[in-house]
Amino acid sequence: MADNDQVDQKKLSAAAKLFDVRRVIGGLFVVYGVIVTILGLFDSQAEIDKAQGVRINLWMGLGMLALGLLFLLWLRLNPPQPPDPSDIDDTRPPAD
Amino acid sequence: MALAAESGLRLDLDIIDYLILVLYFATVLGVGFAARRAIKTSADFFLSGRSLPAWVTGLAFVSANLGALEILGMAANGAQYGLLTLHYYWIGAVPAMVFLGIVMMPFYYGSKVRSVPEFLKRRFNKPTHIFNALSFAVAQVLIAGVNLFALALILDALLGWQLWVSILVGAAIVLTYITVGGLSSAIYNEVLQFFVILAGLIPLTVIGLVKVGGIDGLFEKVRQSPLGDAALHTWSNTGSSADNPLGANWIGILFGLGFVLSFGYWTTNFAEVQRALSAKNMNAARRTPIIAAFPKLLIPGVTIIPGLIAAVTITGLGAKDGDLTYNNAIPLLMEDLLPNGVLGVAVTGLLASFMAGMAANVSGFNTVFTYDIWQAYIKKGRSDDYYLRIGRYATIGGVIIGIGTAFIASGYGNIMEYIQQLFSLFNAPLFATFIVGMFWKRMTPWAGFWSLLLGFLASLALYVAYLTDAITFNSALEQSFWGAGVAFVTAVVVAIAVTFFTPSKPEDELRGLVYGLGGTSNGTVVVSGDKVWWRNPVLLGTIAVVLAIALYIPVW
């Protein structure tokens, strides 16, 4: 299996860094946050009563919006780097 | 409060809830197709190119375990056994996760194996490898099917979808995103799923607590319920198994659950270990299970607490069948408490976690099938593109078999319990074989094979005896403690005994695989990773264990 491992190492394309999971989480939660917050602004009394008097849609909507924005902010402050060869621990000999 | 009983457990989703659901699955599939562009090699497909940061692999690690079966099951246990369920999260998980990160990961990651069976092949021999690869592959597809069936059951109960529609739709989505995106796609979705399921469970817990008057109100109500005060303590009533709802004493909890069952599951289950193997370097790999231990410490707050809330607010919970079974504790609370909007998020989280559980099984299966069965014994030495293609076929095959299992399970009610129980039988002897083999360089290749096989047969024999009533136990739980214990002891004894009659491997072949033999030819096993304290696996691991102990104090 030594041959394959070496091929793998050369072609390591660092899949993860081309698109970033922070963008995915941030994007989805911003959208969820906006939808649920708007819903929460117009919640009927019946819905608030069902949730024991808590304006849960409003709070959760704002919470999700904040989480989503935090992920996007993190991405902005610390953008994905191109793969750094020294970052990948390549000191082990290949299998077999 | 008895509403649920009359109207049936059917959630009233509106258009917004469905919008939230559809947005999620559009995102999941989008991630799959985005990941596809990044996949060039089989290592990308199976191990995410070993390039993921530790926080991603760590959350995926905990998420792979946070399947919906786990969430619903732990809420059910919370309703049934009270705070004793905390043992599954704390003593039954955290020490093993920390041990995996600190002690075992250097061997797994450092030896550059691509799977747990491959480690066995290099430490022991091919028969050990074949036995483990085949049993793992079979277990994974069958468990994927069980997950799928459970998903279909819940969709049927909550949304009124036909079983077969749910099975096919769920399978199609998982199939699409793994086939196109490989492990990256599975892992990214696990991370996403982690946040969505929390966004669903947190409002449920908050509103539930408001309803019962906070934690104090909840505990007061539990004290007055049939569960009683014993359900509010974790250790103080475990002197004898008769004094607590769980029916286990502290020795069983400490050694059965805390040692054999937990270490067997967390340290050798490839569906979990695979997440750490995809980390970008040794330090990140070691931190993966340890980072996962922190959310694991807190998750009971959104599973066991709702379980207890359900136990005191839903009259009639705990029925043998129908809508009011313990397993429906969380869905019942959702129906009772969540308005449209957060309800959509909660349903999405639940469905997402089913898919994450199934995706973990399928991505474990396709790796082992391709590397450990196909490449090792059927078609050796082909191009990497060829194995990448086989991996995609294996995914399709695995999902199709999973669908078949789901339909079989739907015909025989209890079969899924049996299947899960059966495959938990593999873990305890596997852990024994691993631990002896990692710390005792003299252990021979054949000792590996026989300890694995006989350990498994020992726990299988006990399980069959239990099913046929030849031996009786207080509960299925007690049986699983004993089964794991017997398997563990058998495997250790056989490993030692066989070693005295068979030849050892030369030390050179064991470098990097066994403790005390230094690392590999060109360095130490433990790569001194990042130097800052908050990236130090040993320190982080210690903090996690100390926190686990500290968390026990208020609920002693």
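**Exercise 1. Place T405(B) in its helix, decide whether T405(B) is buried or exposed, and find what its side chain reaches.**

Start with the address: T405(B) sits in helix α18 of chain B, which covers residues 384-411. Keep in mind that you're looking at a predicted model. Next, check the accessibility. The cut-off for buried is under 20% relative accessible area. T405(B) comes in at 7% relative accessibility, so T405(B) counts as buried. Last, follow the side chain: it reaches the backbone oxygen of I401(B) at 2.8 Å.

**Exercise 2. Work out how α3(A) and α2(B) run relative to each other, and which residues meet.**

First, get the geometry. Helix α3 of chain A spans residues 21-41 and helix α2 of chain B spans residues 15-38. Their axes come within 11 Å and cross at roughly 175°. Now apply the cut-off: angles over 145 degrees count as roughly antiparallel. So α3(A) and α2(B) are roughly antiparallel to each other.

Then list who touches whom. From α3(A) you have V24(A), L28(A), V31(A), Y32(A), I35(A), V36(A) and L39(A); they meet I16(B), L19(B), I20(B), L23(B), Y24(B), T27(B) and V31(B) in α2(B). Sort the contact of α3(A) with α2(B) by class and you get 13 nonpolar residues, 1 polar and no charged ones.

**Exercise 3. Classify the ring pair F131(B) and F449(B), and say how many residues apart they are.**

A search over all chains turns up 30 aromatic pairs in the whole structure. Take F131(B) and F449(B): their centres are 6.4 Å apart, with 80° between the planes, and the pair is edge-to-face. Now look at where the partners come from. F131(B) belongs to helix α9 (residues 126-159) of chain B and F449(B) to helix α20 (residues 445-467) of chain B. They're 318 residues apart, so this pair links distant parts of the chain. F449(B) is also buried, at 15% relative accessibility.

Compare another pair, Y265(B) and W266(B). Their ring centres lie 4.9 Å apart with planes at 90°, so this pair is edge-to-face too. Y265(B) is partly exposed at 25% relative accessibility, whereas W266(B) is buried at 4%.

Ring pairs also build a cluster: F29(A), Y32(A), F71(A), W74(A), W55(B), F194(B) and F195(B).

**Exercise 4. Sketch chain A: how many helices and strands, and what share is buried?**

Count the elements: 5 helices and 0 strands. From the N terminus, chain A reads α-α-α-α-α. Of its 96 residues, 42% are buried. Finally, among chain A contacts between residues at least 6 apart in sequence, 79% join residues at least 24 apart.

How values were computed. Residues numbered from 1 in each chain as written. Chains lettered and ligands numbered in written order. Predicted model: local features only at pLDDT ≥ 70, side-chain atom pairs only at ≥ 80, totals over all residues. Heavy atoms only, no water. Axes fitted to C-alpha atoms, helices over the stretch in contact; angles between N-to-C directions. Helix = DSSP H or I, 4+ residues; strand = E, 2+ residues; numbered from the N terminus. Parallel < 35°, antiparallel > 145°, perpendicular 65-115°, else oblique. Contact = heavy atoms within 4.5 Å. Nonpolar A, V, L, I, M, F, W, Y, C, P; charged D, E, K, R; others polar. Buried < 20%, exposed > 50% of the residue type's maximum accessible area, 1.4 Å probe, protein only. Polar contact = N/O pair within 3.5 Å; in protein donor to acceptor, adjacent residues only side chain to side chain. Phe/Tyr/Trp six-rings, centres within 6.5 Å; stacked < 30°, edge-to-face > 60°.
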